[in-house]
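Please work through the following exercises with the sequence and the structure at hand. Each task is followed by a solution in steps.

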Amino acid sequence: MQDNGNGRLKLSELVHKAIYQLEAFFDEERRREKNYLVGVPTGFTDLDILTGGLTPGIALIGARPELNMSDFALGLAFNTSETHRVLYFTYNSNAESLVRKLILMQGHLGYRDLREGDFHSETSSVNIVNACGSLIKRDKEQRLIFDDSKPDTDEIYRICDELNKEKKLDLVIIDNFQDILPTKGAESGENRSGYSLATDVRQGLDYLVAQISAPVLVLSELKKTKRGERINTSHLRDWAVLEYKASPILLLEQPIDENEDENDGAIPVNVRVENNRNGPNGIVSLTYLKSYCKYESAAKVSDEDVPRY
């Protein structure tokens, strides 16, 4: 939908788009089809049904370290890039390690398997070849792009704007919020509070969303919590800066009665959806195949998928 050059949009176009979105909100069967989602699909069907997909704005992911939200975000990026254009900023890894991990994810092969030369699944090598082919296709079509240059908010905007002008960006993922540097033009000083710095970063992301009209999915660290304690949105670091902006918020946690040490091969994970402005809040069940660094919809995981130890 195009504006007329001065920021104003035709009402008739807005009406048609609103009707389309309302139909998608109220028709669960349509939301099961990617083409009828209001926003960008995550590739996790039950999550897409609940949220309607990711829409333009800031969305958040939070999780304890044992559930590795970076693995969740990386798998989501791969899923989404099947049909949409995704840009992934990483501050904690380099692009090479992420691509290596993606190949292992899709091949259902763990680092331990590589070290021991144990290709326990007869189809592992085929899966790896297919995963490499899929990644190469995404590269040729510029559907999955990694950036590990650790840019500040100005540079993030410049990179996104440049890519968006070449071809529309559908999703931007940033790993993670606490590592983003504020714009170089922001007020500096050792006495600035963390709240002030985080506000500068959030304002930079607000501007980015407004310019590229795409969802920006940001990973956020948690404050220290006791093991077994149920996490909520207030456990997110810099929550006070983000609470009125972020939607949806995806909190990854193990069910309270589950012991991670007893489920190291396949860990049940609840994704609690909070601040969902496109539908109800709720819980989506996934399984974290920790050895493969891969999240799957719980219904898709069979005994054969669980790593052997």
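**Exercise 1.** In this predicted model, determine in which sense strands β6 and β7 pair, and over how many bridges.

*Solution.* Strand β6 covers residues 246–253, and strand β7 covers residues 267–274. The two pair in the antiparallel sense, over five bridges. Within this pairing, Leu250 stands opposite Val273 of β7.

**Exercise 2.** State the sense in which β1 pairs with β6.

*Solution.* Strand β1 comprises residues 57–63. Its pairing with β6 is parallel and has five bridges. Here Gly62 is the residue opposite Leu251 of β6.

**Exercise 3.** Sort the residues of β6 by the direction in which they point, and decide whether they are buried or exposed.

*Solution.* In a regular strand, side chains alternate between the two faces of the sheet. Ala246, Pro248, Leu250 and Leu252 point one way from β6. Ser247, Ile249, Leu251 and Glu253 point the other way. Buried means under 20% relative accessible area; eight of the eight residues of β6 are buried.

**Exercise 4.** Compare the expected span of helix α5 with the distance between its end C-alpha atoms.

*Solution.* Helix α5 has 13 residues, 95–107. The expected span is 1.5 Å times one less than the number of residues, so α5 should span 18 Å. The end C-alpha atoms of α5 are 18 Å apart, which agrees.

**Exercise 5.** Describe the two ends of α5 and how far the helix is covered.

*Solution.* At the start of α5, a side-chain oxygen of Asn94 comes within 3.2 Å of the backbone nitrogen of Glu96. After α5 comes His108, with a positive phi near 50°. Ten of the 13 residues of α5 are buried, including Leu98, Lys101 and Met105.

Note on methods: Residues are numbered from 1 along each chain as its sequence is written. This is a predicted model: local features need pLDDT of at least 70, side-chain atom pairs count only at pLDDT 80 or more; totals for chains, interfaces and linings use all residues. Side-chain values use heavy atoms; hydrogens and water are left out. Helices (H or I, at least four residues) and strands (E, at least two) are DSSP runs, numbered from the N terminus. Buried means under 20% relative accessible area, exposed over 50%, partly exposed in between (1.4 Å probe, protein chains only). A polar contact is a pair of N or O atoms within 3.5 Å; within protein, one must be able to donate a hydrogen and the other to accept it, and residues adjacent in sequence count only if both atoms are side-chain atoms. Two strands pair if DSSP finds at least two bridges between them.
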